[in-house]
Amino acid sequence: MKSMHDMFFRAGIVLRIYPSDRQKEIIRKNGSASRFVYNRLVAVNQEIFLLKKTAHLSPADRDRLSYLKNAYQDAVHIKNAVPFLSGDGIDSDMVLNAIKNYRSAWDMYRKVPGTRLPSFHKKGNDYSYKTSNHYTSKSLKNGIGLFEGSVRFLDKQHIHLPVLGRVRLKGSKQKIESLFNRTSPTRIGSVKIWIDCAGDCFVSLALGSDEPFEAYYPKTESACGIDMNLSNFLTDSEGNVVENPRYLKNSERKLIKAQRKLSNRKKRAEKENRKFYESKGYQEQRLKVAEIHRHISRQRLNFQRTEADKLVKSHDLLSVEDLKVKNLLKNHKVAKAISDVSWGQFLRILEQDCDKRGKLFIRIDPKYTTQTCSACGNVMEGDSRIKLGTEEWTCPKCGVFHLRDVNASVNIRNAGLASFHEAGIALNIT
Ligand SMILES: [Zn+2]
């Protein structure tokens, strides 16, 4: 039977779950244990890192280093050293997944420039852990699917999860219906279970199949460049400008108010020498703040998904700048505005959607996209450079009038088309 890796189409689905109090306790326990395993590896690896940097190691240091290296290599055996990791209600796959998480964070740090060293996961009010789906040899004979593994749908309202057992679920009816009606085998891969800051529980399932999860969009024979900047959400090469949504600002005002109230309650609890978790007023307000945060991020996600869908539907090729968002974030002045529009998240959604819908997506080098005249190719240099804040300009060479962002997005579109051309890939674009 095909493994998850061999399956052509991937998708993920998030479902709200309603565990009992006992089950919630198990989720919290596994979430804490998962953080414990991860942090243990952070500590071990940081010490290895420091010891390796030291020029002259004492014999004791050398012993310590080899002990740590062993501990890191045999991380799986952490279960033997820490009894509670094999205790009641602990999901053994959670430990393996926490180790895997850490190792992939470490790999990212080593391979992707700009990624930070994996650091300790702080204890917060949310709990999450990952587990895996297994099929027994018996179920493999019957064929794998959504109803056979250790993680399986019992019916449209219930799911079976490892250690937790039967849990009631709720999700988009349409999506669940379409899952139940699939004709090709659909495999469940890794599974994440979490409780968010506001106390609600969710499960996300990674799915794999040889049958697409979404229908491809019809071809439009059109290519589009997208310029992302600070004055609006995006500008495309057809001259469409998408403004930053106003409702986020409204929620932000609400958030600031709620946070102020929270900090007052904190001060009061401190003054009266009460612990935060015992202070009812503080806890109530903390939940309110968490709910506003969640509301804002859901609004933003929804907005980004809608905008991405519109673009993917109307074009065959989407070309964007390979923004070094991280580098831009270092510039303090623009940092807040950028993290606020969260371009990185939007581009990821756009890329995934192109994949799902059978469209092309390309990231191009952002060099000169703003400074080049899209009509004649003249590059504005030296004193004639277009400065930050200039909204419109006229090319001194060919005399064409440009709106800065539209001109940039046309350049981005052309650069995207050019790189396909250079690679010798013929595109059916008019
Ligand atoms: Zn020109």
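Two strands count as paired here if DSSP finds at least two bridges between them. The model is a predicted one, and that pairing rule is a handy way into its 5-stranded sheet. Strand β9, residues 234–236, meets β10 in the antiparallel sense over 2 bridges, and Leu234 has Val242 of β10 as its bridge partner.

Zooming out, the sheet is open and its 5 strands come in the order β10-β9-β8-β11-β12, with mixed pairing. Its edges are β10 (241–242) and β12 (360–364), each of which pairs on one side only.

In that order, β8 sits between β9 and β11. Towards β9 the pairing is antiparallel, again over 2 bridges, and Asp227 is matched with Thr235 of β9. The two strands make a hairpin, with 6 residues between them. Towards β11 the picture changes: β8 and β11 run parallel and are joined by 4 bridges. There, Gly225 has Ser319 of β11 as its bridge partner.

How much of β8 is buried? The count is 5 of its 5 residues. Ala223, Gly225 and Asp227 are buried on one side of the strand, and Cys224 and Ile226 on the other, so that both faces are covered.

Two helices lie across parts of this sheet. Helix α11 (residues 343–357) lies across β11 (317–321) and β12, running at about 145° to β12. Helix α12 (residues 404–422) lies across β8 (223–227), β9, β11 and β12, and runs at about 130° to β8.

Next come the nonpolar cores. The largest has 28 residues, and within it Leu161 and Val203 touch the most other members. Elements that each supply at least two of its residues include α1 (21–53), α4, β2 (127–132) and β4 (158–161), along with β5 (165–170), β6 (186–195) and β7 (201–209). The top contributor is α1, which gives 6 residues. As for Leu161, leaving aside residues up to four places away in sequence, this residue touches Val151, Val167, Ile193 and Val203. A second core, separate from that one, has 20 residues, among them Cys224, Leu234, Val320 and Ile412. Two of these names have come up already: Cys224 as a buried residue of β8 and Leu234 as the bridge partner of Val242.

Helix α1 also packs against helix α2 (residues 59–73). Their axes come within 10 Å and cross at roughly 140°, which makes α1 oblique to α2. The crossing is left-handed. On the α1 side, the residues that meet α2 are Leu41, Val44, Asn45, Glu47, Ile48 and Leu51. Their counterparts in α2 are Asp61, Arg64, Leu65, Leu68, Lys69, Ala71 and Tyr72.

Finally, a word on Asn97, which lies in helix α4 (residues 92–111). Is Asn97 buried or exposed? Asn97 counts as buried because 21 C-beta neighbours lie inside 10 Å, and the cut-off for a buried residue is 20 or more. Setting aside residues up to four places away in sequence, Asn97 touches Lys130, Thr131, Ser132 and Ser190. Gly208 is another matter: this glycine is 111 residues from Asn97 along the chain, and the two C-alpha atoms are separated by 19 Å.

Methods
Residues are numbered from 1 along each chain as its sequence is written. This is a predicted model: local features need pLDDT of at least 70, side-chain atom pairs count only at pLDDT 80 or more; totals for chains, interfaces and linings use all residues. Two residues are in contact if their C-beta atoms, placed from the backbone, lie within 7 Å. Axes are lines fitted to C-alpha atoms, for helices over the stretch in contact, and angles run from 0 to 180 degrees between N-to-C directions. A residue is buried if 20 or more other C-beta atoms lie within 10 Å of its own, exposed if 12 or fewer, and partly exposed in between; C-beta atoms are placed from the backbone. A nonpolar core is a set of buried Ala, Val, Leu, Ile, Met, Phe, Trp, Tyr and Cys residues joined through C-beta atoms within 7 Å. Angles under 35 degrees count as roughly parallel, over 145 as roughly antiparallel, 65 to 115 as roughly perpendicular and the rest as oblique. A crossing is left-handed if the near helix is turned anticlockwise from the far one by less than a right angle, and right-handed if clockwise.
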